[in-house]
Structures are given as structure tokens and as C-alpha cells.
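Please look over the sequence and the model shown below before reading on. The briefing that follows goes through selected helices and strands in turn.

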Amino acid sequence: MTAEPDDEFREFMRGRWPAMVRLAYGLTGDMGYAEDVAQAAFARAYASWGRVRRAGDPDAYVRRIVINENRRRFRKRRVAEDLSGEPPEPRGPDATGPGSAPGPEERSAVLDALRVLGPRQRAVVVLRYWLDMSEAETAAALNCSTGTVKSQASRALATLRKTAIVEGVEGDAR
Amino acid sequence: MSELREDLDRALRAVAPGAAPVEEAIRRGKAIRFRRRAAVFASAVAGAVVVAVAVGYPALTRDAAPPPAPQPAQHAPHHDPVVTDGPAGTERGAQGMVSSDGVIAEGHIGAGSWQAAFSGRCFTTTVSPGTSGGGSALGGGCGGLPSPGADPADFQTFSDGTTEATLGSAAADVTYFVLTFTDGQQLKLIPVSWQGMRYVAWAGPASMTIASITAHLGGPTFDSGQQATAIPLSLPGKPPMFGIWLRAGQPVPPRATTIITGTAGAQSWVVTAYEGPWGTCWTDNRDGSGCATAAPATTTAIPARSVPGYAKLVYGQAAPAVSYLVVTLTDGRTMHVPAAALGDEKVFAFALASGQTVKRWTACDTTGKPLTSGGL
């Protein structure tokens, strides 16, 4: 890669880094993992930067990798824990430590509520209701059927209602 | 749903990431491209049919295809530990396996081969695309490896982005190790002595993740039934990081992550600390990393760490009651370093300018009362 595309990539990454970390944070609920996932996504974008540029929408490309990386990492972590042979660990709502530097988790009830959701339900909520993706787009991003998106969204909203995050909202999974 | 969208938007926009690690992403991107090219090369050499190789010491029954998606444990195929024998040049003695030519271990990764060997006090790890030799070095060093101390082993990993090779010094009471990958494959590693030290080694595709390594203890030729297990921290693009060894009845540290940031001159630094079954490990945005070898701290320790070409980053553990550290430098200046909560312990990090070194440190509680102190 010549210096010019490298510079272009640098500019792109600096500009889009916060948004991708926020997306990853929404999906993972863990700032450390979020930055890892976002960095891995940008690394993969760099590895294919010529093709990504030609496709004309690098933002969508990186966003998709963030979503896929999160899916892949969730599977990997779950398997690693299953195979460890260790007894279940005393875990908090998620992996973020209580002392995380000025954690948004300490400031937001909605993020607290997201933590009680499973990874797929959390992903559905973030993609559908934050990124405003359609059911079909969400299903494609999560590699599942639109029926699964509907059911997961419905269950997630039911859980969130219990936490008063969406109390009084008569919305459904659309 | 607009209310939920607004709440999400407000909450996620409040997330303030650190500086974009652009150069690190570029470095990792280049490694990905290198792996892709290597994979193309490997598949061209191997042809359409790849035969898994199940011989060698230790050997991976692995082909050149991408690893299968991990499966939950209950569905993972069971693999008995690979039966191992010494590599050519080893002899079985009263003190276990002894290498006569410096070769510690060798094996296969699909159609390729690898070897870890000493020449005098210098060691190299090499990989070859085929079985006919002509390999390239993954890494090595001279002066041997650090002693494992009170732990069963101390590991060093070398990687070219495609293959990772790990060489470890083993304690005298280790009979053998069983290494388990997350896809269920297992390797049995028997320490081999060379010039009075015991070593083990293994290699595998960088895409494979290590679930655990269990040391069976007793002696070189005697398994007492006691075990110790290390579960490494696996982060994308980084070799496995080994910290503590868990023994029967020992509590597993809770999982937690925290980020500490700061600036040194015009440069910002970011240290991420991870607590979990690996103990406590740190990574920083200058490609540095390290793990504590002690369980979550009940006392405060500063394992100084130097990052070449950059202001020295120092990170360590502190007892739960510690609120901050007062660090006195050799030039007489002092720094107040806050301790951040991480699971059931505290961690801290700070940067030293070029030429600065720590003379003394004092750990204090929230009231400013000194709890403990030390020097470097």
C-alpha cells in the first residue's frame, strides 16, 4: 500500500473510530472488548483497503466487520469458558470492572438494562433501535432469519420493559 | 421506540473512546494480508487434498484449511492426548527426557513442520511449509529462558502472524503438560532437559486459541495426581498471555476489564487491564503487554516495564484498600498515581519520561494513610 492510501485510511479511521467503538460497546457492553473489536475491524479494513475504497462505503464495511467480529468473539469466548474445566465464575452483569474509567455504564440506565440481555438480543436492540436497521438488514447482519430477529426483539423489549427502560411504550418488534 | 432510540443514542454518545490506534491497526492489517498470501501459497503447494498428519512430537492433527467454527464443549469431538515420544536425539533417563542434540520438540502443522531447538544457550523456533526442511525462523534468543520460579512453567511465544510457536521452561516437579485448544485438540508435552534446564515447546496456527494448559505434577517420571492449570488471556492479533496457575480449590478471579489513560509529553498512552482466570494482564497502545504471576493482589507491587522507543510505561497491581500511590522519582519529583478498581483488586499505570526512574513508592488509602511502601 502506498503512502497516499495509507494516509486516507488513517484519516478514515481517526474520523470513524469513536462511532465504531460506540457500536462495539453497545454490542458487547465492555469497553475493553469494544476497542479490541473495533481495532480488529479497522485492521481487516486496512488489509482490504483497495477493495473497500472501490466499493465506495467503507463505513458500512467496517460496521459489518464490527458486528461479525462481535459474533465471532462471543462464540470464541463462550467455547473457551466451556472448555476450561473450571467451575462457573462469580461474574457480574458483564465483564466490565466496577472501576472502569469513567464508564458510561455508570451513567446510563439503558446500558445497565442492555447488560441483562443475551448477546444476540442485545445485538438486535442495538442494530434495530439504534442503527435503525430493518428486520431484513438486522437478520442479514446477524446471520439469522427475520423470524429470529422478531422473536429476539420481542423478548428483549419485554425484558427492557421490566427494567422500566421502555415502560409505557406499546411498541413491538415491528 | 423513539424513546428507546434516544436513550440508546444519548448513552452511547457518552462513550468516550481513547485515541484511535491507527498505527496498530495498520500493523495488524499488514499481518492479515501476509497471512492471506501465505494461505494462498500453502493451498497452492498442498493441492486440493490435504492429509492430516498425526505423527511427530508433539503433532497437531491439523490441516491447512481454516479452523472450523468453535463448537460448545458438549458437542466438541473428543480427542485423546496425542501420544508423544521424544524427538530424535532424546534419551529417557532417571530424570526424564534428555536432549542430546538440543532439539526440544518438533512436529507438524498440516503438511508443514516445525521445530524448537537449542544450540548451546541460544534457541530458535522454525517452521517449514513442507516436511523436507528449509524452514524460516519464527524467533529465538540466547541466554536460555527465565526459570519458572514457583510456577510449573514460564512461556515465551514467537509468531510471524500465521504460526505461533511457544517455548517454555518447566519446573522440576512437572511430569507432563496437557495443552487443550478450544476446538478440542490436545497435545501432551513432556519436558526435555538441555544443559540442566527442562523445556517444552509447541506450535500451531495463530488462528487457533488455547483453552488451557494443565501441568501434571510429581516429578520427571512420577505423576502424583496433583495438577495446576493456566488459562491464557487470548486477545485478537496477540499471542496467548499466561499469568497465574490455578490449583485445586483456588478461587478463580472474576472477569473484569478497565482502561487507564494518560499522556506523556505530547503522546497519549492507554493501558487496558484484564482480570480473569489468567490472573491480571495488561496491554498498552505501544504493543506492550504483560501478566502478573501472582493471584489478585493482596499487596502492592510495581513490576516495572519498559517500552522501547517510548516513555517507560509502568503498570502493576495494588491491594484493594489502596486509593493511590505516591511515586518518588530519582530526580526528586513525585507523582500521585490513582489506583483503579479491577474486579476484586486495584491496578495502576503511569508513564515515565526518558531518563526518569522510580526511586520509591508509597501506597495510601482514601484518607492518605500510608499502607505499604517499597523501592525499585
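Which residue takes a positive phi just after H7(A)? Asn143(A) does, with a phi of about 60 degrees.

This is a predicted model, in which local features need pLDDT of at least 70 and side-chain atom pairs count only at pLDDT 80 or more, while totals for chains, interfaces and linings use all residues. Residues are numbered from 1 along each chain as its sequence is written, chains are lettered from A in the order in which they are written, and side-chain values use heavy atoms, with hydrogens and water left out.

**Helices of chain A**

- Helices (DSSP runs of H or I, at least four residues) and strands (E, at least two) are numbered from the N terminus.
- In helix H7 (residues 135-142) of chain A, the buried residues (under 20% relative accessible area, 1.4 Å probe, protein chains only) are Glu135(A), Thr138(A), Ala139(A), Ala141(A) and Leu142(A).
- Because these residues cover an arc of only 165 degrees around the axis (taken from the directions from the helix axis to the C-beta atoms), they lie on the same side of H7(A).

**Strands of chain B**

- Strand S8 (residues 163-170) of chain B is mostly covered, with eight of its eight residues buried.
- Seven bridges join strand S7 (residues 153-159) of chain B to S8(B), and the two run antiparallel; strands pair if DSSP finds at least two bridges between them.
- Within the first of these pairings, Phe155(B) has Gly168(B) of S8(B) as its bridge partner.
- Eight bridges join S8(B) to strand S12 (residues 197-205) of chain B, again antiparallel, and Glu164(B) has Gly204(B) of S12(B) as its bridge partner.

Technical notes. Buried < 20%, exposed > 50% of the residue type's maximum accessible area, 1.4 Å probe, protein only.
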